[in-house]
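Please open the model in your viewer and keep the selection tool at hand. The tour goes from one selection to the next and says what is found at each stop.

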Amino acid sequence: MTLRKSGLVAATAVVLALTATACGGGASGSDGEKINIGIKFDQPGLGLKTQDGEYTGFDVDVAKYVAKELGYDEKDIVWKQAPSAERENMIVNGDVKFIAATYTINDERKERVDFAGPYFLAHQDLLVRNDDDTVRSEEDLNSSEMKLCSVTGSTSAQNVNKKFAPKANLINYGGYSECLTGLENEAVDALTTDDSILAGYAAQKEHQGKFKLAGLSLSDEPYGIGLKKGDTELRKKINDALEKMVDEGAWEEAAKKHFGPANYEYEPAPEITETN
């Protein structure tokens, strides 16, 4: 009886130990627990996964700062690729705690998710080949002869279809890098998205001298941090972190670091509006 009882106690202890190990990814970041954060993997200057497996960009720095203020060390961050068309699904399904991925705040998205911020204001523009001077105004885009490239699920693609160029031949790809290849190979005439994203691509060493921004300010794109709808506590914590990042000068430092090499004249940090 004694031997059997001691064996049962030992087995129970093993089960409890295994259970405690399996539950190491809880909500708090105080004990090395993990946090899943969505970013872009293919946007230089904003969210880029390098060949060395590092993550770099302005959105990455913002996400790291927010995670730190939520109580997570950088080593506890699990970066998740967040394609434009999948961002809402990733949040709703609980795949990520939040997303910082050139995520424009708009009413359609707010039907499914909430936002904190905004933390950056971009403007939609065009990236064209360096020797192309055919596009001088918004009116030049609204033609079936104009082959525009954008990304499925992006605000930029929606703007083309619904606002300023419904007659354009719009080609949607899964990522901006595919559009860039098409632009280089002359399969498309222009890549359209936020000027912040375009500046990042134009500034890459392998692209310098090949492309230029058209200089059109086609829309305002306030970037917010996407989170689960109804999580007002998390939104307040993120907003507080963003305000602290600006006040401490860390926001300006990150902006200069990532946008300076592209000579991109970014807007100052916008006022927080997503509070309700």
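How many residues does helix 8 have, and what distance does it reach from its first C-alpha to its last? In this predicted model, select residues 232-247, which form helix 8: there are 16 residues, and the helix reaches 22 Å between those two C-alpha atoms, close to the 22 Å expected at 1.5 Å a residue.

Keep helix 8 selected and colour its buried residues, which are Leu234, Arg235, Ile238, Asn239, Ala241, Leu242 and Met245. If you turn the view to look down the axis of helix 8, these buried residues fall within an arc of 160°, so they line one face of the helix. On the other side of helix 8, select Thr232, Glu233, Lys236 and Asp247, each of which is exposed.

Which elements do the buried residues of helix 8 pack against? Add helix 2 (58-69) and helix 9 (250-259) to the display, together with strand 6 (98-99), strand 7 (113-129) and strand 12 (220-228), since the buried residues of helix 8 pack against these elements. Just after helix 8, stop at Gly249, which takes a positive phi of about 90°.

From helix 2, go on to the loop between that helix and strand 5 (77-81), where Asp76 lies. Is Asp76 buried or exposed? Its relative accessibility is 2%, and because the cut-off for buried is under 20%, Asp76 counts as buried. Show the side chain of Lys75 as well, and a polar contact of 3.5 Å can be drawn between the side chains of Lys75 and Asp76.

Next, return to strand 7 and select Pro118, which is found in that strand. The peptide bond that joins Gly117 and Pro118 is cis, with omega at about 5°.

The last two stops are backbone positions at which a residue that is not a glycine has a positive phi. Select Thr102, in the loop between strand 6 and helix 4 (107-110), where phi is about 40°; with a relative accessibility of 6%, Thr102 counts as buried. Then select Glu186, in the loop between helix 6 (176-184) and strand 10 (190-194), where phi is about 65°. Glu186, at 57% relative accessibility, counts as exposed, whereas Thr102 counts as buried.

Definitions and conventions: Residues are numbered from 1 along each chain as its sequence is written. This is a predicted model: local features need pLDDT of at least 70, side-chain atom pairs count only at pLDDT 80 or more; totals for chains, interfaces and linings use all residues. Side-chain values use heavy atoms; hydrogens and water are left out. Helices (H or I, at least four residues) and strands (E, at least two) are DSSP runs, numbered from the N terminus. The expected span of a helix is 1.5 Å times one less than its number of residues. Buried means under 20% relative accessible area, exposed over 50%, partly exposed in between (1.4 Å probe, protein chains only). The arc is that of the directions from the helix axis to the C-beta atoms. Contact means heavy atoms within 4.5 Å. A polar contact is a pair of N or O atoms within 3.5 Å; within protein, one must be able to donate a hydrogen and the other to accept it, and residues adjacent in sequence count only if both atoms are side-chain atoms.
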